[in-house]
Amino acid sequence: MMISNLCTREVVCIPVNASLNEAVARMCNEHVGSLVVVTTDAPPHVVGLLTDRDIALDVIGRPGPAIELTAGDLAKSPPVAVLGSESLQAAAGVMEKAGVRRLLVVDKEGGLIGLVSAEDLLAAISEELAGLVRALRSGIRREHGERSVIPAPQAGRPVFPSFATLASWSRS
């Protein structure tokens, strides 16, 4: 699966000079955990990515005043990106190498396509695994319908002692 088919295409942006209060308000209003920080040029250019974790660790977790900080001050720059034509595995590898949980998804010219998160990758992997489980179960149902079962001999079923009995027996 190509990452461009998986990514969120409606990214939420914020100007590089926006205050942290504006950034947090935008995250709350848009119900997102990251913002794409852009220049005020026309057209805007991506400067970096600002996450709720960046704010928690770089502002709240550090002593000193944060009032003067802007979105651009905390944005991870340059942003880590992956081509939209890359595979799920390639995106996971980029995340691992860069130590990030979100990637910008770009086209061949570097234009922004969207954003993909580790959660998005996990959801896609889960869907693929669920499809494999359905295929295996379908094969079992097909076999039941197509093949006759050889009757088992009518001998008694072997019964093994419980673990406690075995443990007690092996100590003597």
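How many helices and how many strands does the protein have? In this predicted model, the protein has 6 helices and 6 strands, and along the sequence these elements follow the pattern β-α-β-β-α-α-β-α-β-β-α-α. The radius of gyration of the protein is 27 Å, well over the 16 Å that the globule rule gives for 172 residues, so the protein is more spread out than a compact globule. The points below go from the overall form to the two sheets, then to helix α4 and to one residue ahead of the first strand.

**Overall form**

- Taken along the principal axes, the box filled by the C-alpha atoms of the protein comes to roughly 85 × 50 × 30 Å.
- Of the 172 residues of the protein, 26% count as buried, and the protein exposes about 12100 Å², of which carbon and sulfur atoms supply 58%.
- Among the contacts in the protein with a separation of 6 or more, 51% come from residues that are 24 or more positions apart.

**The sheet β1-β2-β3**

- An open sheet is formed by 3 strands in the order β1-β2-β3, and its pairing is mixed.
- The edges of this sheet are taken by β1 (13–15) and β3 (46–51), and each of them has a single partner strand, so one side of each is left without a neighbour in the sheet.
- On average, and with direction ignored, neighbouring strands of this sheet are turned by 35° against each other.
- Strand β2 (residues 34–38) and β3 run antiparallel and are joined by 5 bridges; in β3, Leu49 is the bridge partner of Val36.

**The sheet β4-β5-β6**

- Another set of 3 strands forms an open sheet in the order β4-β5-β6, and here the pairing is mixed.
- The edge strands of this sheet are β4 and β6, each of which pairs on one side only.
- Neighbouring strands of the sheet β4-β5-β6 are turned by 35° against each other on average, direction ignored.
- Between β5 and β6 the pairing is antiparallel and extends over 5 bridges, and Val106 has Leu112 in β6 as its bridge partner.

**Helix α4 and its two faces**

- Helix α4 lies across β4, β5 and β6, and runs at about 130° to β5.
- Which residues of helix α4 (residues 88–98) are buried? They are Leu88, Ala91 and Met95.
- These buried residues cover an arc of only 65° around the axis, which puts them on the same side of α4.
- In general, an α-helix has 3.6 residues a turn, so residues three or four places apart point the same way.
- The buried residues of α4 pack against β4 (81–83), β5 (102–106), β6 (112–117) and α5 (118–146).
- On the face of α4 turned away from its buried side, the exposed residues are Gln89, Glu96 and Lys97.
- Just after α4, Gly99 takes a positive phi of about 70°.

**Ser4, ahead of the first strand**

- Ser4 has its place in the segment before β1.
- Is Ser4 buried or exposed? With a relative accessible area of 10%, Ser4 is buried, because buried means under 20% relative accessible area.
- Leaving aside residues up to four places away in sequence, Ser4 touches Arg9, Gly84 and Val105.

Methods. Residues numbered from 1 in each chain as written. Predicted model: local features only at pLDDT ≥ 70, side-chain atom pairs only at ≥ 80, totals over all residues. Heavy atoms only, no water. Buried < 20%, exposed > 50% of the residue type's maximum accessible area, 1.4 Å probe, protein only. Helix = DSSP H or I, 4+ residues; strand = E, 2+ residues; numbered from the N terminus. Arc of directions from axis to C-beta. Contact = heavy atoms within 4.5 Å. Pairing = 2+ DSSP bridges. Axes fitted to C-alpha atoms, helices over the stretch in contact; angles between N-to-C directions. Rg over C-alpha atoms; globule rule 2.2 N^0.38 Å. Areas by Shrake-Rupley, 256 points an atom, 1.4 Å probe, with all protein chains shown as cover.
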